[in-house]
Amino acid sequence: MTDQQAPGGLGRIGTHDVARVGYGAMQLDATSHDEAVAVLRRAVELGVNHIDTASFYGPGEVNRRIHAALAPYPDDLVIVSKVGARFTGEKPIPLAPAQRPADLRAAVEDDLRQLGLEQIPVVNLRRLDLGPGLQAEGNQIVDLDDQLAEMIALRDEGKIGGIGVSSVPLEVLKQALPAGVVCVQNSYSLLDRSQEDMLDVCTAEGIAWVPYFPLGSAFPGLPKASDHPVVKEIAGDLGATPAQVGLAWLLAHAPTTLLIPGTKSIGHLEENLGTGDVTLSADALARLDSITAPGTSAMPEGMEGFHDNT
């Protein structure tokens with residue numbers, strides 16, 4: 001894949017060159033099998049070669065749909081998964097912690113079987129350090145070093161290629177760095193820059209920064225970057241959508257940023273991938289930078305990084 005073919009240009013995760021605009025597959029169990037297959041195949045047709053998933057999406061159905069749509073997989077396709085939770089189906093949060101080393105290993109084995117792979121290129125360890133959301137209790141309160149030891153063992157066995165971390169504060173990332181972290185997934189957007197110091201470390205270390213909730217919260221009634229008047233005005237000037245502007249800011253803000261916006265619609269997929277064609281002027285970037293100061297968040301207090309199913 002060349003830079004011209006890659007939505008958003010080329011970035012890197014671990015040892016893999018990938019398009020900077022990829023695809024998050026979480027929503028694919030909320031549509032029909034045929035529609036999910038069509039979205040996945042269209043994504044790959046348009047240059048996506050970084051797909052984010054997890055065995056607890058569905059549970060397992062998202063992985064099975066990826067396999068049905070794309071196997072035998074293109075040589076350059078990088079499938080990234082995450083471990084640390086299990087599906088329960090309960091409301092309002094359909095997940096429970098699965099933080100023990102044995103849980104992490106079982107989830108990787110599920111990924112390998114469901115996806116039909118011999119190795120998952122990158123697996124993110126989803127910790128529960130940042131709330132609200134899932135809380136670890138009892139035997140699910142696990143020392144990071146014990147978890148990393150299991151992840152390293154899985155890497156040594158060839159079952160995973162690279163180790164990432166998700167939902168972690170800076171001190172946990174620093175503790176994990178000797179394990180060879182290649183990816184960080186935390187909540188981050190124009191409206192929530194509370195993780196700016198973390199982003200700076202990722203940039204310095206060449207670690208892929210893969211923000212979830214890249215446009216703000218996905219929950220009704222909470223702020224979204226695409227609703228901000230400055231974002232809307234710039235979008236109007238450029239003939240782009242507000243969502244494209246919010247995503248384009250993320251790409252321009254840090255070179256290690258990779259995006260994985262999710263959708264179950266081909267039309268929305270094509271709009272998201274069109275983000276790579278949006279060029280923000282220095283003036284537009286300055287106006288967007290001023291929306292939220294580094295290290296702060298425009299989200300309601302206590303809601304930074306809140307998520308229920310990523």
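Here is a friendly walk through the sheet, the cores, a hairpin, a pocket and a few buried residues.

1. **Ground rules.** This is a predicted model, in which local features need pLDDT of at least 70 and side-chain atom pairs count only at pLDDT 80 or more, while totals for chains, interfaces and linings use all residues. Residues are numbered from 1 along each chain as its sequence is written, and side-chain values use heavy atoms, with hydrogens and water left out.

2. **The sheet.** A good place to start is the open sheet of seven strands, paired in parallel and ordered 3-4-5-8-9-10-11. Strand 3 (23–24) and strand 11 (208–209) form its edges; each has a single partner strand, so one side of each lacks a neighbour in the sheet. Strands here are DSSP runs of E with at least two residues, helices are runs of H or I with at least four residues, and both are numbered from the N terminus. Two strands pair if DSSP finds at least two bridges between them.

3. **Strand 5.** Now look at residues 78–83: six of the six residues of strand 5 are buried, so this strand is largely enclosed by the rest of the structure. Buried means under 20% relative accessible area, exposed means over 50%, and partly exposed lies in between, using a 1.4 Å probe and protein chains only. In a regular strand, side chains alternate between the two faces of the sheet. Val78, Val80 and Lys82 point one way from strand 5, Ile79, Ser81 and Val83 point the other way, and all are buried. Strand 4 (residues 50–52) pairs with strand 5 in the parallel sense over three bridges, and His50 has Val78 as its bridge partner.

4. **Strands 9 and 10.** Four bridges link strand 9 (residues 160–166) and strand 10 (residues 181–185) in the parallel sense. Two of the partnerships are easy to find: Ile163 with Val181, and Val165 with Val184. Strand 10 is mostly covered, with five of its five residues buried.

5. **The cores.** In soluble globular proteins, nonpolar side chains tend to be buried together. A nonpolar core is a set of buried Ala, Val, Leu, Ile, Met, Phe, Trp, Tyr and Cys residues joined through side-chain atoms within 4.5 Å. The largest one here has 79 residues, and those touching the most other members are Tyr23, Ile51, Ile66, Met151, Val184, Leu280 and Leu288. Helix 8 (residues 242–253) gives the most to this core, with six residues. Apart from it lies another core of eleven residues, including Ile13, Val78, Val122 and Leu258.

6. **Met151 up close.** Contact means heavy atoms within 4.5 Å. Neighbours within four places in sequence aside, Met151 contacts Val83, Leu104, Val123, Leu125, Ile160 and Ile163.

7. **The hairpin.** Strand 1 (residues 10–13) and strand 2 (residues 16–19) run antiparallel and are joined by four bridges. Ile13 stands opposite His16. Two residues lie between the strands, and Gly14 in this hairpin takes a positive phi near 65 degrees. Gly11 and Ile13 make up the covered face of strand 1, whereas Leu10 and Arg12 make up the uncovered one.

8. **A pocket.** A pocket is an open set of points on a 1 Å grid over the protein atoms alone, where a 1.4 Å probe fits, with protein on both sides within 12 Å along at least five of seven lines; lining residues have an atom within 4 Å of a point. The second largest pocket is lined by His16, Tyr73, Asp75, Asp76, Leu77, Val78, Ile79, Leu117, Gln119 and Pro121.

9. **Thr263 and Leu269.** Thr263 sits in the loop between helix 8 and helix 9 (266–273), and counts as buried because its relative accessibility is 3%. Its C-alpha atom is 8.2 Å from that of Met26, although the two residues are 237 apart along the chain. Leu269 belongs to helix 9 and is also buried, at 1% relative accessibility. Leaving aside residues up to four places away in sequence, Leu269 touches Tyr23, Val39, Arg42, Ala43 and Thr263.

10. **Asn63.** One last residue to inspect is Asn63, in helix 2 (residues 61–70). Asn63 counts as buried because its relative accessibility is 0%. Beyond residues up to four places away in sequence, Asn63 touches Thr53, Ala54, Ser55, Asp111, Gln114 and Leu115.
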